[in-house]
Structure formats: C-alpha cells, structure tokens
Amino acid sequence: MSPYAIMFHHFHNQQHPRGQGAISGGEFRELLEHVGMDRLLPAHEWLDRVQAGTLGENDLCLSFDDGLRCQYDIAVPVMRELGLTAFWFAYTGPMSGEKDTLEIYRYFRTVQFDHVDAFYGAFYQTCRKLDLWDQITQGLEGFDPAGYLAPHRFYSNNDRTFRYVRNTILGAERYETVMDTMISGNGFDADKISDQLWMKPEQLKELHDAGFVIGLHSHSHHNRIIDLPQARQEAEYTTNARHLKAITGEDPITVSYPCNAYDAETLRFLSSIGVRVGFRTDLFDTPKSLLELPRMDHIEVIRQMKKPKSRPNDQNKSNTRSGS
C-alpha cells in the first residue's frame with residue numbers, strides 16, 4: 001500500500017458536543033498509539049519526502065480538515081505532548097467573518113436530536129412540507145445507497161441517502177432552505193454558537209509557527225464545489241490561498257478537497273498556482289499523482305482497533321472450513 005495520511009474532523013469534550021463520528025482526546029491518543037508513534041512523521045518531513053519519492057511504505061502523517069475549534073482544543077494538546085505535527089486544511093470563510101452553514105447545521109442536528117436517524121426523519125418531513133418530496137422521490141429512483149460513497153464504509157445506508165439527497169438532488173440552495181426552516185422552528189440560536197465552531201486566525205498562525213503544514217480547503221466549503229462555474233471554483237481556492245498567506249506569511253502548497261469533489265480542471269488550476277501535494281478523502285493503493293494522495297478516515301482506524309484478534313487455532317479452523 002502507498003503511504004497515506006490519517007484524516008480527522010470532529011472531537012468532543014464537555015465544551016464540544018459528541019456528534020456523529022466525533023472522538024475524545026483519550027480516543028485520539030489511543031488511536032495514535034495503535035498505529036504506532038514511530039510511523040508518524042512530522043508534517044514537513046512527510047511533505048518533503050513524498051515529493052522526493054523517499055517515503056517508506058509504513059510512513060504515516062496526520063491531517064485535519066476544516067479548521068475546527070474542537071480540533072484545536074482537544075487534539076492539538078495531545079499532539080503537543082507527544083511532539084507531533086500535522087497537515088491542517090482550513091477553509092477560511094468563517095475566519096474572515098463570513099456566514100457559514102456547514103458546521104452550524106451539523107451542530108444543530110447533533111444537539112437537537114437524540115440520534116442522527118431522528119434528524120433524518122425530521123429533515124424529510126420538512127421536505128414534504130416544503131413540497132420537495134416529489135423531487136426527492138424522483139431523484140432517488142434507481143439509487144443504490146450501497147454504491148454511493150462506497151469507500152467510506154462507516155456510513156449507514158441512511159447516511160448515504162441523506163448525502164445524495166443533500167448534494168445531488170436538492171443542491172445547496174434548497175438544502176439550506178430546508179435546514180433554515182427546521183432551525184427557525186426550534187428556537188436554535190445559530191449566531192450564538194458560531195464563535196465556538198471554528199478556529200481564530202491567530203490560532204492557525206500558532207500552529208504554522210509550531211511546524212504544522214497549513215493547506216487549502218477552499219474558502220466556503222461547498223459540498224459540490226465542482227458544480228460551480230469554473231471561475232467560481234478558482235476563486236474559492238485563490239481566496240482561500242490569499243487568506244492563508246495573510247495569516248501564515250507563506251503561499252500554501254498543499255490542499256485537501258472538500259467532500260472529495262474535484263476534477264481534472266481542479267488539479268490543473270491548483271498546479272498552476274503552485275500547489276504541489278493534494279489529498280483525497282479515501283484510501284486506495286496507487287495514487288495517480290501527488291495531487292491525489294490517499295487518506296484513511298480515523299473512523300476506519302477505530303474500526304480496525306475494535307476488531308477482535310484471531311488466535312492461531314481460530315485461523316486453522318477458518319482455513320479448514322474454507323477448504324471444505
């Protein structure tokens with residue numbers, strides 16, 4: 001297998017709620033110990049070696065998407081204690097004071113519903129009220145959830161269906177209409193919680209100065225950035241790059257793609273502005289280029305950690321059964 005990164009998003013503690021896929025600082029430490037501290041290279045060393053073609057097959061790095069405050073509050077102290085650094089891919093709209101809904105909507109479904117399937121039920125009920133249900137049922141004709149986002153095995157069929165409805169059938173504008181309708185009927189104060197969702201520019205600068213590699217993740221984190229006109233796609237990354245340079249003093253040369261959405265034009269443009277290394281959100285054996293490097297989601301690592309270890313006798317029995 002080619003060298004890869006381990007990808008992280010959400011963390012929880014008393015301040016940050018435990019949403020779908022979020023892990024604690026203790027679980028983060030256990031994960032690092034499980035994969036092996038000796039395999040985890042400093043971010044800049046991993047970056048230099050992947051470009052030079054000198055990475056070993058067991059060399060790993062850590063990567064964080066979105067520039068979230070929960071990452072800074074929970075994961076960074078653990079990494080400081082262990083002497084680790086990571087790739088840090090931040091979208092910059094929230095840092096520059098622009099309204100962003102991605103994390104607000106996620107926070108809403110985390111704190112307002114007992115479990116994610118209860119949220120899905122309420123979401124589809126709101127779609128019915130807004131006369132969007134016929135559009136959804138027509139769009140789902142022939143849809144097989146098992147084949148959508150297939151590399152991400154931790155998603156349930158309900159997760160996959162919701163993401164297909166959100167990203168492909170409804171699109172950003174109609175999805176926001178549904179979510180805003182739900183929020184307005186629940187007494188949820190989006191403005192009040194925004195301040196605790198994202199890092200501040202000075203915190204990102206602090207990580208840069210500590211040896212973290214700060215990279216592009218677009219400016220506004222559209223779920224399907226490649227559906228935007230080409231000029232807007234390019235503006236998403238050039239604006240992101242401009243803000244990151246203002247914070248760190250350096251032009252970013254790395255990227256991770258929001259929701260794994262990119263195409264050949266994306267890669268061409270990023271290369272033209274000096275981006276050298278990019279990360280996907282899934283794991284595969286042979287990357288096509290340095291702009292399409294693999295990552296394993298931390299949830300997959302945790303799944304492996306929880307697998308019971310087979311005993312020699314169990315293996316022998318398994319081999320006997322397979323041959324019968």
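**Exercise 1.** How many nonpolar, polar and charged residues does the lining of the second largest cavity have?

*Solution.* The structure is a predicted model, in which local features need pLDDT of at least 70 and side-chain atom pairs count only at pLDDT 80 or more, while totals for chains, interfaces and linings use all residues. Residues are numbered from 1 along each chain as its sequence is written, and side-chain values use heavy atoms, with hydrogens and water left out.

Step 1. Define the cavity: on a 1 Å grid over the protein atoms alone, it is a set of points where a 1.4 Å probe fits but cannot get out, and lining residues have an atom within 4 Å of a point.

Step 2. List the lining: Ile225, Gln230, Gln233, Glu234, Tyr237, Thr266 and Phe269.

Step 3. Apply the classes: Ala, Val, Leu, Ile, Met, Phe, Trp, Tyr, Cys and Pro are nonpolar, Asp, Glu, Lys and Arg are charged, and the others, Gly among them, are polar. The result is three nonpolar, three polar and one charged.

**Exercise 2.** State which helix gives the most to the lining of the largest cavity.

*Solution.* Step 1. Helices are DSSP runs (H or I, at least four residues), numbered from the N terminus.

Step 2. Helix H3 (69-82) and helix H4 (102-112) each supply at least two lining residues.

Step 3. H4 gives the most, with four residues.

**Exercise 3.** Identify the residues nearest the centre of the largest cavity.

*Solution.* Step 1. The lining comprises 13 residues.

Step 2. Nearest the centre lie His10, Glu103, Arg106, Tyr107 and Leu197.

Step 3. By class, this cavity's whole lining has six nonpolar, four polar and three charged residues.

Key: On a 1 Å grid over the protein atoms alone, a cavity is a set of points where a 1.4 Å probe fits but cannot get out, and a pocket is an open set with protein on both sides within 12 Å along at least five of seven lines; lining residues have an atom within 4 Å of a point.
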